[in-house]
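The following explanation is addressed to a reader who meets this structure for the first time. It begins with the strands, then turns to charged pairs and to individual residues.

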Amino acid sequence: MAADDILKTFQPKPLPAVIILNGEPGVGKLTVAQKLKDFLTSFGIKVTFVDNHLLIDPTTAIAGEDRSDPFHWETRTLFRKTAFKCMQKDPDSNTAFLFTSCLSTEKTGTDQFLEFFELATNRNLPLIFVQFRCDLDTLVRRATSEERRKSNKGKLTDADVVRKLREMYTLLDPSKNTAQHINISNNVLMSTLRFSELDVSEFTVEETASAVLNIILQGIYS
């Protein structure tokens with residue numbers, strides 16, 4: 001069922017939530033998120049959409065691209081803290097927050113997940129975390145596509161780096177990997193978190209958006 005059809009037939013209508021589309025670079029998170037924003041906005045929901053590069057690119061402009069440089073991470077942390085503080089203060093209770101991210105099981109990943117969790121709990125919203133999975137060949141093809149290369153964002157387009165990242169890092173499953181690293185109980189975590197995995201290897205953008213929208217609706221009303 002297409003996303004438009006899901007929204008037409010689903011009752012009640014969507015409500016605000018904190019939504020994270022997590023996955024490796026090139027898997028298609030941004031394209032799907034833009035589609036989801038349009039869907040949710042059409043039902044009168046204010047959507048604050050924060051693409052991962054919205055936080056990364058200013059850091060790169062100021063502190064450079066070297067992620068082994070402590071100044072790079074210090075700068076990125078300050079940007080994120082400021083952004084999340086502003087989102088916490090949004091006076092509109094009808095605001096949904098939509099993010100793309102690439103959180104791994106490294107400490108940086110769990111630390112950043114906590115920012116999303118605190119935003120959700122402080123605003124009394126469900127935290128819907130959708131993990132995008134993709135086979136390696138499809139991922140490399142998408143990451144190195146001409147369309148992605150032409151993007152004005154600092155996106156990863158090097159096939160060798162994509163393969164290396166797959167070998168080096170594991171995507172964060174917050175339902176399994178997070179509670180042990182942060183000072184909250186598993187019961188509190190799971191009362192807010194709605195976690196799902198989605199293999200998007202053979203999905204079109206429309207099919208992925210429809211699947212994610214269905215996950216969001218189930219997560220809000222479960």
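**Strands, salt bridges and surface**

Isoleucine 20 stands opposite phenylalanine 99, a residue of strand 3. The model in which this pairing appears is a predicted one. Isoleucine 20 also stands opposite phenylalanine 129, which belongs to strand 4. These two partners introduce the pairing of strand 1. Strand 1 runs parallel to strand 3, and five bridges join them. Strand 1 likewise runs parallel to strand 4, again with five bridges between the two. A further contact with strand 3 is made by isoleucine 19, whose bridge partner there is leucine 98.

How many residues of strand 1 are buried? Five of its five residues are, and the strand is mostly covered. The cover extends to both of its faces. On one side lie Val18, Ile20 and Asn22, on the other Ile19 and Leu21, and all of these are buried.

Strand 3, which spans residues 95–101, also pairs with strand 2. The two run in the parallel sense and are connected over five bridges. Within this pairing, the partner of lysine 46 in strand 3 is threonine 95, and the partner of valine 47 in strand 3 is alanine 96.

The burial of these two strands may be considered in turn. Seven of the seven residues of strand 3 are buried, and therefore the strand is largely enclosed by the rest of the structure. Both of its faces are covered: Thr95, Phe97, Phe99 and Ser101 are buried on one side, and Ala96, Leu98 and Thr100 are buried on the other. In strand 2, which comprises residues 46–50, four of the five residues are buried, so this strand too is largely enclosed by the rest of the structure.

The next topic is the pairing of charged side chains. The structure holds seven salt bridges. One of them joins the side chains of glutamate 24 and arginine 166, with an N to O distance of 2.7 Å. This pair links distant parts of the chain, 142 residues apart: glutamate 24 is in the loop between strand 1 and helix 2, whereas arginine 166 is in helix 8. Why does glutamate 24 count as buried? Its relative accessible area is 13%, and a residue is buried when this value is under 20%. Arginine 166 has a relative accessible area of 29% and is therefore partly exposed.

Another salt bridge is formed by glutamate 115 and arginine 80, whose closest N and O atoms are 2.6 Å apart. Because glutamate 115 lies in helix 5 and arginine 80 in helix 4, the pair ties together parts that are 35 residues apart in sequence. Are these two residues buried or exposed? Both glutamate 115 and arginine 80 are buried.

A salt bridge within a single helix is found in helix 8, where the side chains of arginine 163 and aspartate 160 meet at 3.5 Å, N to O. Arginine 163 and aspartate 160 are three residues apart in this helix, so about one helical turn separates them. The relative accessible area of arginine 163 is 37%, and this residue is therefore partly exposed. Aspartate 160 reaches 57% relative accessibility and so counts as exposed.

Attention may now pass to other residues with accessible area. Asp135, Asp137, Asp199 and Glu202 form a negative surface patch. Of these, aspartate 137 has its place in helix 6, which covers residues 136–143. Aspartate 137 has a relative accessible area of 62% and is therefore exposed.

Asparagine 124 is found in the loop between helix 5 and strand 4. With 70% relative accessibility, asparagine 124 counts as exposed. The phi angle of asparagine 124 is near 60 degrees, a positive value in a residue other than glycine. Most residues other than glycine have a negative phi.

Finally, glutamine 34 is located in helix 2, which spans residues 29–41. Its relative accessible area is 41%, so glutamine 34 is partly exposed. How many residues apart in sequence are glutamine 34 and alanine 209? They are 175 residues apart in sequence, while their C-alpha atoms are 9.3 Å apart in space.

Terms used
Residues numbered from 1 in each chain as written. Predicted model: local features only at pLDDT ≥ 70, side-chain atom pairs only at ≥ 80, totals over all residues. Heavy atoms only, no water. Patch = residues over 30% accessible without salt bridge, like charges linked within 9 Å, V, L, I, M, F, W, Y side chains within 5 Å. Areas by Shrake-Rupley, 256 points an atom, 1.4 Å probe, with all protein chains shown as cover. Salt bridge = Lys/Arg side-chain N within 4 Å of Asp/Glu carboxyl O. Lys, Arg positive; Asp, Glu negative; His and termini not counted. Charge placed at Lys NZ, Arg CZ, Asp CG, Glu CD. Buried < 20%, exposed > 50% of the residue type's maximum accessible area, 1.4 Å probe, protein only. Pairing = 2+ DSSP bridges.
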